[in-house]
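Q: Could you take me through one part of this structure slowly, and then set that part within the rest of the chain? Please explain each term when you first use it.

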Amino acid sequence: KPKTKRAKRFLEKREPKLKENTKIAMLIKGGNANLTVTEVLKDIYAVKKPFAVLYKKKNITRPFEDQTSLEFFSKKSDCSLFLFGSHNKKRPNNLVIGRMFDYHVLDMIELGVEKFVSLKDVKNSKCPEGTKPMLIFAGEAFDVNEEYRRLKSLLIDFFRGPTVPSIRLAGLEYVLHFTAVDGKIYMRSYKVLLKKSGCKIPRIELEEMGPSLDLVMRRTHLASDDLYKLSLKQPKALKPKKKKNISHDVFGTTYGRIHMQKQDLGKLQTRKMKGLKKRPAEKSAGDGGVTPKKSKSA
C-alpha cells in the first residue's frame, strides 16, 4: 500500500484503464554496441520523443537467450516497447525490436543494419518534437509472409504515437515509409511540404529528413496464436453495443425497421364530403336499429 500521496498517484497511473496510456519505448544499448548502433538509437529516440526512454549506460544482455533484464527494465520504466542495439562479429550492427504484454516479452524481431544515414547527415529542416507520423508500408511481403506481417504490426505499435480524435491538414508533416523488397526492409523518413497549387488543395512535396535505414531480418521470437489473441482482447465496456433493427447495405446506407401496433382502418379519419356522409337510416342500422325519440320543445 502507498504511504504517501505521491506514491498513490504513481500507482494510479500504472493501474489498468479502459483507454490505456500512449505506449512508451525504451532504447537500450548492449555491452558491445559500436558507434553506428549508438547513433541509430539516438536518432530513433529523437523521432520517438517524448514517448521514449534512452538508457545511456551499456547493459550486457542477450534478449534471445535471457529476457529477465528486459522485463526488469520494462517494469521499472513502465515501457511496453523496446529497441535493443548490439554489435559483434557474428551479427554486426544488430537491432532487436519488440513489445511487452503484462511486463513479459510478447514478440521480438532481430534486424541487421546494412546502411544508415543519420538525422544530422541530412541538411534539411526537421519536424518538431512529438510530431505524430504517417506510416506507409509498401511491398507484398507485409501481407503474405507471417513474419513480415508481425513486423508490420510491431512497427505500427512502435511509431504510431498517441491516439488523436481529429486531425488538421497542417499537422500532417511527417511520413515514415517502409518498403519490403528482395528480403530487405528500407526505412525512409520524409517531411511533408505544402506548396501553393492555385486551388484549395495544396500541392504535396516530400523532402527527405532522416534517419534512413536499410535493414535485413535475422532471428524472430513470435508469440503463440493463443497468447497473441489474448493480448488483443478488449474490455466489454469498449465494445460498441449492437443496435437492434438497423442494417447497412454495400453502399453504406443505413436502414431502420420500425415496429408499430396494428391500425384499425375503420376509425381512420378521411376527408369529409357530402357524398360520403352517412344517411339517418345507415346510422340507425349501425346503432342497432333503435332511434332515440326527439324531445318536444316547450
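A: The close look below begins with one helix, turns to one strand residue, and ends with the chain as a whole. The model is predicted, and local features are described only where pLDDT is at least 70, while side-chain atom pairs count only at pLDDT 80 or more and totals for chains, interfaces and linings use all residues. Residues are numbered from 1 along each chain as its sequence is written, and side-chain values use heavy atoms, with hydrogens and water left out.

The helix is α5, which covers residues 146-159 and has 14 residues; helices here are DSSP runs of H or I with at least four residues, strands are runs of E with at least two, and both are numbered from the N terminus. From its first C-alpha to its last, α5 reaches 20 Å, close to the 20 Å expected at 1.5 Å a residue, where the expected span is 1.5 Å times one less than the number of residues. At its N-terminal end α5 is capped by N145, whose side-chain oxygen lies 2.9 Å from the backbone nitrogen of E147. After α5 comes G161, which has a positive phi, near 80 degrees.

The buried residues of α5 are Y148, R150, L151, L154, L155, D157, F158 and F159, where buried means under 20% relative accessible area, exposed means over 50%, and partly exposed lies in between (1.4 Å probe, protein chains only). An α-helix has 3.6 residues a turn, so residues three or four places apart point the same way.

A residue in a strand can be described in a similar way. D214 sits in strand β10, residues 212-221, and D214 counts as buried because its relative accessibility is 11%. The side chains of D214 and R188 are joined by a polar contact of 2.8 Å, a term for a pair of N or O atoms within 3.5 Å; within protein, one must be able to donate a hydrogen and the other to accept it, and residues adjacent in sequence count only if both atoms are side-chain atoms. Leaving aside residues up to four places away in sequence, D214 touches G112, V113, E114, K115, I185, Y186 and R188, contact meaning heavy atoms within 4.5 Å.

As for the whole, the protein chain has 7 helices and 12 strands, and buried residues make up 30% of its 298 residues. Along its principal axes, the C-alpha trace spans about 125 × 65 × 40 Å.
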